[in-house]
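Welcome! Let's look at this protein together and work through a few questions step by step.

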Amino acid sequence: HKGWGFIECNGQDVFVNKKDCGGFCLAKGNAVQFGIANGEKGDHAENVTVVGPPEEVQYHGEIKSFNGNKGYGFIGCEAFPDQDVFVLRSELQGGFAPQGGLCKFKVKHEEKGPAACD
């Protein structure tokens, strides 16, 4: 929720910022892969990705569009740079999503591309 945290690596804590996670949503206990960069304030993680079953990985995104009449919309997410993530009204809390709204979701891969779930 703060936008930053720490990754435990070889007994040491490595600082990580949300902007270095490429759309992945990190949670305590996630297995991750990352590089280490040296910044003004010391070492920090970069190019962070979550390693695990695809159906369990969570992502951060932003609602690009949502058509309430048709009951669907699209989410933009850094983890899916070349395509938008489809979202149905039934997957949204309250059945609506304002354009520009931030969201957290999992993905199921469908015939036409990624679709948000949970």
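Q: What pattern does the protein chain follow when read along the sequence?
A: This is a predicted model, so let's simply walk along its chain. The secondary structure comes to zero helices and 10 strands. Read along the sequence, the pattern is therefore β-β-β-β-β-β-β-β-β-β.

Q: How many disulfides does a search of the whole structure find?
A: A disulfide is a covalent bond between the sulfur atoms of two cysteines. To count here, two cysteine sulfur atoms must lie within 2.5 Å. A search of the whole structure turns up this many disulfides: zero.

Q: Why does Cys-9 form no bond with the closest cysteine sulfur, and which residue holds that sulfur?
A: Cys-9 counts as partly exposed, because its relative accessibility is 25%. The sulfur of Cys-9 has no bond to the closest cysteine sulfur because the 14 Å separating them is too far; that closest sulfur belongs to Cys-21.

Q: How far is the sulfur of Cys-77 from the closest cysteine sulfur?
A: Cys-77 is buried, with a relative accessible area of 7%. Its closest cysteine sulfur is in Cys-103, and the gap is too far for a bond. That distance is 8.1 Å.

Q: What share of the 118 residues in the protein chain is buried?
A: A residue counts as buried when its relative accessible area is under 20%. Cys-77, at 7%, is one of these residues. Out of the 118 residues in the chain, the buried share is 33%.

Q: How far apart do the centres of the positive and negative side chains lie?
A: The chain has 12 positive and 16 negative side chains. Each set has its own centre, and the distance between the two centres is 8 Å.

Notes:
Residues numbered from 1 in each chain as written. Predicted model: local features only at pLDDT ≥ 70, side-chain atom pairs only at ≥ 80, totals over all residues. Heavy atoms only, no water. Helix = DSSP H or I, 4+ residues; strand = E, 2+ residues; numbered from the N terminus. Buried < 20%, exposed > 50% of the residue type's maximum accessible area, 1.4 Å probe, protein only. Lys, Arg positive; Asp, Glu negative; His and termini not counted. Charge placed at Lys NZ, Arg CZ, Asp CG, Glu CD.
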